[in-house]
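This report describes how the chains of the structure below meet one another. It goes through the interfaces in turn and then the strand pairing between chains.

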Amino acid sequence: MNLSTRNRISGTVSRLDIGEVMASVTVRLRGGQEMTAAVTRESVEELGLAEGSPVQVLVKSTEVALATGSVDGLSIRNRLPGTVTAVSPGAVMTSVKVAVPGATLTAVVTGDAVTDLGITVGSPVTALVKATEVSLASMR
Amino acid sequence: MNLSTRNRISGTVSRLDIGEVMASVTVRLRGGQEMTAAVTRESVEELGLAEGSPVQVLVKSTEVALATGSVDGLSIRNRLPGTVTAVSPGAVMTSVKVAVPGATLTAVVTGDAVTDLGITVGSPVTALVKATEVSLASMR
Amino acid sequence: MNLSTRNRISGTVSRLDIGEVMASVTVRLRGGQEMTAAVTRESVEELGLAEGSPVQVLVKSTEVALATGSVDGLSIRNRLPGTVTAVSPGAVMTSVKVAVPGATLTAVVTGDAVTDLGITVGSPVTALVKATEVSLASMR
């Protein structure tokens, strides 16, 4: 199976909080960062996830936002600092590649946002992903 | 690879519109409905998608909304009419299973919405998914 | 902090419902409307949110859908009526600006949707955002 999902980062489950419907799964990435996925309890059970399980974190590129500067005070759980390596503008949306430790992410944001933030190759940015936008793949 | 993504429906690519950054991929599902995915142009190229390609449509359950009435006049491209087969309430979010032709979908919506709309087992509903929330897996 | 996220509206937390994993945060916007964010419980705790907390509601433009007719019977919690002020078409996706009381929103939807709904400058529309797509920034 090949996925259209641009962002796939390998890691290991480091924490699991299980609610009635939703579960929060924290994953330590191979680059040392942590990401949190809010997925259904059902999916955690079906994938047999536990602390130590190897997983891939999956994030669609349209779900990645970018910040320049400090990112304090945000509800957004996942914040991966990195450096812009490519900017490919379209008429409405622009694709931005961000090198983070251990991975390269793709963010698709509006061209307006890229202009407003002055994002170019070499810009330091933080990639932001809401926990509800993160899916997981188990590697069994 | 096993996915946390609850909604996976098999189909065949019926139309492709390729832009500079984004591409719109229309998929005819095995149940006869059509769904549209707005994915990156890059992913279409990498998956080698063309008309006739067998794919799976992937949608995270938190990305599925529900409608109990008419869905005319909505920009949301993907509308799958079906019947509620299960309602599992949590403290904040509620999981709703919807049988549509050829598949069963999972929608995670707020408990408030389920109460307001009076959704129970047997309710006719339309599952709604924005095209930007749809991912694709190629089955090669 | 500068965010690529196009939609940022100031408001005040008016209600909090905390579950085991997720929390529902209702925010009264300065324009008088209310919006609901489904975020992780952890983020509510980390931001120290309480009734009365000043926050910014953040929504990525790809997460905003548009409706031209009635929005009754939708599970989508956030519905902001307004008027289209600009339409910028790309090859696949189109950016639509919507003036709502107290803010201007950006929605990125498929060009097909804009054509089907006949959306032009001056069209009355309702901007729709699923609660799971709303992030929060604390203004402390």
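Across the interface of chain A and chain C, the rule finds six salt bridges in this predicted model. One of the pairs joins the side chains of E42(C) and R15(A), with an N to O distance of 3.3 Å. Polar contacts across the interface of chain A and chain C come to 17 residue pairs, both residues being at pLDDT 80 or more. On the side of chain A that touches chain C, at least two residues each come from strand 2 (7-18), strand 3 (22-29), strand 4 (34-40), strand 6 (65-68), strand 9 (103-110) and helix 2 (111-117). By class, that side of chain A holds 20 nonpolar, ten polar and eleven charged residues.

In terms of contact, 41 residues of chain A meet 36 residues of chain C. Putting chain A and chain C together buries about 2700 Å², and 57% of this area lies on carbon and sulfur atoms.

Chain A and chain C are also related by symmetry. A turn of 120° with a shift of 0.0 Å along the axis lays chain A on chain C with an RMSD of 0.2 Å. The two copies are therefore related as by a three-fold rotation axis.

The interface of chain B and chain A can be described in the same terms. Between chain B and chain A there are eight salt bridges. Among them is the one in which the side chains of R6(A) and E46(B) meet at 2.9 Å, N to O. The count of residue pairs in polar contact between chain B and chain A is 17, with both residues at pLDDT 80 or more. Many elements of chain B take part: strand 1 (2-3), strand 4 (34-40), helix 1 (41-47), strand 5 (54-59), strand 7 (78-89), strand 8 (93-100), strand 9 (103-110) and strand 11 (135-138) each supply at least two residues of the side that touches chain A. This side of chain B is made up of 15 nonpolar, 16 polar and ten charged residues. Contact involves 41 residues of chain B and 41 residues of chain A.

The table lists the buried area of the two interfaces.

| Interface | Buried area | Part on carbon and sulfur atoms |
|---|---|---|
| Chain B and chain A | about 3000 Å² | 53% |
| Chain A and chain C | about 2700 Å² | 57% |

Strand pairing also crosses from chain to chain. Strand 6 of chain A pairs with strand 1 (residues 2-3) of chain C in the antiparallel sense, over two bridges. Here T68(A) has N2(C), in strand 1 of chain C, as its bridge partner. Strand 11 (residues 135-138) of chain A and strand 1 of chain B are likewise antiparallel and share two bridges. In that pairing, A137(A) is bridged to L3(B) of strand 1 of chain B.

Which strands make up the open sheet that holds strands of chain A and chain B? Six strands form it, in the order 1(A)-11(B)-5(B)-2(B)-3(B)-4(B), with antiparallel pairing. Strand 1 (2-3) of chain A and strand 4 of chain B are the edge strands, each pairing on one side only. The link between the chains is the antiparallel pair of strand 1 of chain A and strand 11 of chain B, joined by two bridges. Within this pair, N2(A) has S138(B) of strand 11 of chain B as its bridge partner.

Notes:
Residues are numbered from 1 along each chain as its sequence is written. Chains are lettered from A and ligands numbered from 1 in the order in which they are written. This is a predicted model: local features need pLDDT of at least 70, side-chain atom pairs count only at pLDDT 80 or more; totals for chains, interfaces and linings use all residues. Side-chain values use heavy atoms; hydrogens and water are left out. Copies are superposed by least squares on the C-alpha atoms of residues with pLDDT of at least 70 in both. Contact means heavy atoms within 4.5 Å. Buried area is the accessible area (1.4 Å probe) that two parts lose on being put together, summed over both. A salt bridge is a side-chain nitrogen of Lys or Arg within 4 Å of a carboxyl oxygen of Asp or Glu. A polar contact is a pair of N or O atoms within 3.5 Å; within protein, one must be able to donate a hydrogen and the other to accept it, and residues adjacent in sequence count only if both atoms are side-chain atoms. Helices (H or I, at least four residues) and strands (E, at least two) are DSSP runs, numbered from the N terminus. Ala, Val, Leu, Ile, Met, Phe, Trp, Tyr, Cys and Pro count as nonpolar, Asp, Glu, Lys and Arg as charged, and the others, Gly among them, as polar. Two strands pair if DSSP finds at least two bridges between them.
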